[in-house]
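Colleague: I have a new structure open and don't know my way around. Could you walk me through the main parts?

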Amino acid sequence: MPTWNSRGLRGSTLEEFINRTNEKYQQGHLALVQKVPTPITPITIDKKTRHITLAYFEQKSTVDYIGVVQGVPVCFDAKECKTDTFPLQNIHAHQVEFMKEFEAQQGIAFFLLYFSTRDIFYYLRFEKFMEFYHRMNDGGRKSFRLEELEEPYFFPPGKGVLVPYLDKLAQDLEGR
């Protein structure tokens with residue numbers, strides 16, 4: 001079983017931003033999207049702070065978020081990147097399979113990437129992700145570069161919400 005430790009919290013700031021964004025979207029009756037909890041079994045708990053210091057995952061996680069946006073089922077994963085190159089090893093085969101099946105059921109799957117050194121977000125369409133994934137599986141690059149991404153899907157932190165992804169979701173829907 002894989003174990004949990006503090007390295008797993010690397011994207012927690014991004015996830016907190018998305019959680020707050022989703023609260024705003026829900027309050028405005030625009031979307032109902034929730035964080036999918038990853039079930040863990042604690043092994044070691046610090047008695048002073050009562051924090052879990054070692055645990056194992058009970059099952060493989062699928063995606064970080066799932067919900068519905070004005071009648072459209074959505075699921076997505078959030079990833080933070082400090083460089084201009086994103087390693088595909090950060091996305092696991094079981095996640096790809098779940099997203100593929102989700103899309104086959106008429107849902108929309110995507111990734112929200114945050115390039116922290118540039119302070120920009122990117123909406124990675126599942127179809128575009130699959131191009132990189134197939135390239136890797138065919139013996140090509142095991143990552144993709146910032147300059148390979150589609151310009152219209154970049155967006156800055158928003159006004160009113162921290163991660164304004166609904167406009168990019170609408171753009172994705174229009175292109176299908």
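Modeller: One term before the tour: two strands count as paired when DSSP finds at least two bridges between them. Also keep in mind that this is a predicted model. As an example of a bridge, Val68 has Pro73 in E6 as its bridge partner.

Colleague: OK. How many bridges join E5 to E6, and which way do the two run?

Modeller: E5 and E6 run antiparallel, joined by five bridges. They form a hairpin with two residues between them.

Colleague: What about Gln70, in the loop between E5 and E6?

Modeller: Gln70 is not a glycine, yet its phi is positive, at about 45°. Its relative accessibility is 61%, so Gln70 counts as exposed.

Colleague: Where else is there a positive phi in a residue other than glycine?

Modeller: His29 is a case, with phi near 60°. His29 sits in the loop between helix H1 (12-27) and E2. With a relative accessible area of 72%, His29 is exposed.

Colleague: Back to the strands. What is the strand order in the open sheet?

Modeller: The sheet has six strands in the order E2-E5-E6-E8-E9-E11, and the pairing is mixed. Strand E2 (32-35) and strand E11 (154-155) are at the edges with a single partner strand each, so one side of each has no neighbour in the sheet.

Colleague: Which strands pair in the parallel sense?

Modeller: E6 and E8 do, over eight bridges. Glu80 stands opposite Tyr114 in E8. For an antiparallel case, take E9 and E11, which are joined by two bridges. There, Tyr122 has Phe154 in E11 as its bridge partner.

Colleague: Is E6 mostly covered or mostly open?

Modeller: Mostly covered, as seven of the 10 residues in E6 are buried.

Colleague: And what does H2 lie across?

Modeller: H2 lies across strand E5 (65-69), strand E6 (72-81) and E8. The helix runs at about 155° to E6. H3 also packs on the sheet, where it touches E8 and E9. The direction of H3 makes about 80° with that of E9.

Colleague: Tell me about H3, then. How many residues does it have, and how far does it reach?

Modeller: H3 covers residues 126-137, which is 12 residues. From its first C-alpha to its last it reaches 16 Å, close to the 16 Å expected at 1.5 Å a residue. Gly139 follows H3 and has a positive phi, near 95°.

Colleague: Which residues of H3 are buried?

Modeller: Phe126, Lys128, Phe129, Met130, Phe132, Tyr133 and Met136. Some background on spacing: an α-helix has 3.6 residues a turn, so residues three or four places apart point the same way.

Colleague: What covers those buried residues?

Modeller: The cover includes helix H2 (93-104), strand E8 (108-115), strand E9 (120-125) and strand E10 (143-145).

Colleague: You listed a lysine there. Why does Lys128 count as buried?

Modeller: Buried means under 20% relative accessible area, and Lys128 has 12%, so it counts as buried. Leaving aside neighbours within four places in sequence, Lys128 is in contact with Glu148 and Glu150.

Colleague: New topic. Which residues touch the most other members of the largest nonpolar core?

Modeller: Phe110, Leu112, Leu124, Phe129, Leu149 and Tyr165, out of 48 residues in that core. E8 supplies the largest share of the core, eight residues.

Colleague: Take Leu124. What does it touch?

Modeller: Not counting residues up to four places away in sequence, Leu124 touches Phe110, Phe111, Leu113, Phe129, Phe132, Phe144 and Leu149. Two of these, Phe129 and Phe132, are also among the buried residues of H3.

Colleague: Last bit, the whole protein. How many helices and strands are there?

Modeller: Four helices and 11 strands. The protein has 176 residues, and buried ones make up 36% of them.

Colleague: How much surface does it expose?

Modeller: About 10,500 Å², with carbon and sulfur atoms supplying 52% of that.

Colleague: And what share of the contacts join residues at least 24 apart?

Modeller: Among contacts between residues at least 6 apart in sequence, the share is 63%.

Conventions: Residues are numbered from 1 along each chain as its sequence is written. This is a predicted model: local features need pLDDT of at least 70, side-chain atom pairs count only at pLDDT 80 or more; totals for chains, interfaces and linings use all residues. Side-chain values use heavy atoms; hydrogens and water are left out. The expected span of a helix is 1.5 Å times one less than its number of residues. Buried means under 20% relative accessible area, exposed over 50%, partly exposed in between (1.4 Å probe, protein chains only). Contact means heavy atoms within 4.5 Å. A nonpolar core is a set of buried Ala, Val, Leu, Ile, Met, Phe, Trp, Tyr and Cys residues joined through side-chain atoms within 4.5 Å. Accessible areas come from the Shrake-Rupley method with a 1.4 Å probe; for residues, only the protein chains shown count as cover. Axes are lines fitted to C-alpha atoms, for helices over the stretch in contact, and angles run from 0 to 180 degrees between N-to-C directions.
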